[in-house]
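This report describes selected elements of a model with chains lettered A and B. Please consult the sequence and structure below while reading.

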Amino acid sequence: MSAMIDSLFEVRASYVSVSAMSREPRLEVECRAQSKETEGTTQVLDEAGSVTTADPTTETHSEEDLDLPWQVVVHNDPVNLMSYVTMVFQRVFGYPREKAERHMLEVHHKGRSVLWAGMREPAELYVQQLHGYLLLATLEKLS
Amino acid sequence: MEISRDNNDIEISELDPFLAELLRQIPASASPDGEPAAEQRLFSSPANSKETELCAEWKTYVEPELRRLFQSATETVTEDLKQLNGNEKSLANRTLRIPAKHADAWLCALNQARLVIAAKNNFTESELGDHFRSPIGSRRDLSLFQINFYGFLQEFILRDLGD
């Protein structure tokens, strides 16, 4: 039992140490996924959102429906580590670390963050990738 | 327990039997075992329930892919954990080496395990923030310790990937 307690103290001490270190700036990790998001995309989102006329309750997918802007939303989750969520945003969206951290903090403090907006097909692929990383992500039709 | 990087691999040495056992439990802990809350957390809905067609297609086409992805990660970790096999009665400390190319699989399996344990125990946010609760007390306390221990390993692997 004493060996167990000793080991626990060691782990606790290490945890504090590594957590503290994780707050230091890190080098960028390589982005393996396609980087489609740009600052320009956000502007497209605003413009597209203002001209949307389709009924958002419709459940069929006409050509126009598929062209409606969709947004990729990540929701807060108390289990996923903040550093992990930041890394996922960098990898999936190709965001620089600072931008990924901003979105992570928005998720943490506001409960959700819109990570990307655009056509339905790439939005679905982004959500699929985010689910592969076990984040709580949803597609929302912009109305 | 000591963690270090050796030729890009991660080496966890001086693992006492208790911590070695917690590591061995990663694959089993990552399994939802039919628990609805855990299943729902690992395979969450891609949209609100009004998007019935989207959700149905997701269940048919995407969820099986995700299951394969998660299964593949836990299989990789299970293979690595074979290094800890040996004389179960021995109290000698063990060493585990995680190859750099398995880092993503470990991150995924550790995350699955943490999410499943949290869902099964319905831990509150404040409980999850309590990193210093002793594992000695109840099964629930041990589960919380498990989440924190796995989180500690995740942090180290993430730091390693970022270097």
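## Strands and helices of the predicted model

In the hairpin formed by β1(B) and β2(B), B:Asn7 takes a positive phi near 50 degrees, and 2 residues lie between the strands. Helices (H or I, at least four residues) and strands (E, at least two) are DSSP runs, numbered from the N terminus. This is a predicted model, in which local features need pLDDT of at least 70 and side-chain atom pairs count only at pLDDT 80 or more, while totals for chains, interfaces and linings use all residues. Residues are numbered from 1 along each chain as its sequence is written, and chains are lettered from A and ligands numbered from 1 in the order in which they are written.

The hairpin belongs to an open sheet of 3 strands in chain B, ordered β1-β2-β3 with antiparallel pairing. β1 (2–6) and β3 (94–98) of chain B stand at the edges with a single partner strand each, so one side of each has no neighbour in the sheet. On average, neighbouring strands of this sheet are turned by 20 degrees against each other, direction ignored; axes are lines fitted to C-alpha atoms, for helices over the stretch in contact, and angles run from 0 to 180 degrees between N-to-C directions. Two strands count as paired if DSSP finds at least two bridges between them. The table lists strand pairs from both chains together with a bridge partner pair in each.

| Strand pair | Bridges | Residues opposite each other |
|---|---|---|
| β1(B) and β2(B) | 5 bridges | B:Arg5 and B:Ile10 |
| β2(B) and β3(B) | 4 bridges | B:Leu15 and B:Arg94 |
| β1(A) and β2(A) | 6 bridges | A:Trp70 and A:Gly118 |

In chain A, strand β1 (residues 70–75) pairs with β2(A) in the antiparallel sense. A residue is buried if 20 or more other C-beta atoms lie within 10 Å of its own, exposed if 12 or fewer, and partly exposed in between, with C-beta atoms placed from the backbone. Strand β2 (residues 112–118) of chain A has 5 of its 7 residues buried, so the rest of the structure largely encloses this strand.

Helix α5 (residues 97–110) of chain A has 14 residues and reaches 19 Å from its first C-alpha to its last, close to the 20 Å expected at 1.5 Å a residue; the expected span is 1.5 Å times one less than the number of residues. Its buried residues are A:Ala100, A:Met104 and A:Val107. Seen down the axis of α5(A), these residues fall within an arc of 55 degrees, so they line one face of the helix; the arc is that of the directions from the helix axis to the C-beta atoms. The buried residues of α5(A) pack against β1, α4 (82–93) and β2 of chain A, where contact requires C-beta atoms, placed from the backbone, to lie within 7 Å. On the other side of α5(A), A:Glu98, A:His109 and A:Lys110 are exposed. Just after this helix, A:Gly111 takes a positive phi of about 90 degrees.

Chain B contains 7 helices and 3 strands. The axes of α4 (residues 52–81) and α5 (residues 103–121) of chain B come within 8 Å and cross at roughly 105 degrees. α4(B) and α5(B) are therefore roughly perpendicular to each other, a term for angles of 65 to 115 degrees. Among the residues that meet there are B:Phe70 and B:Val77 in α4(B), and B:Trp106 and B:Gln112 in α5(B).

Note on methods
Two residues are in contact if their C-beta atoms, placed from the backbone, lie within 7 Å. Angles under 35 degrees count as roughly parallel, over 145 as roughly antiparallel, 65 to 115 as roughly perpendicular and the rest as oblique.
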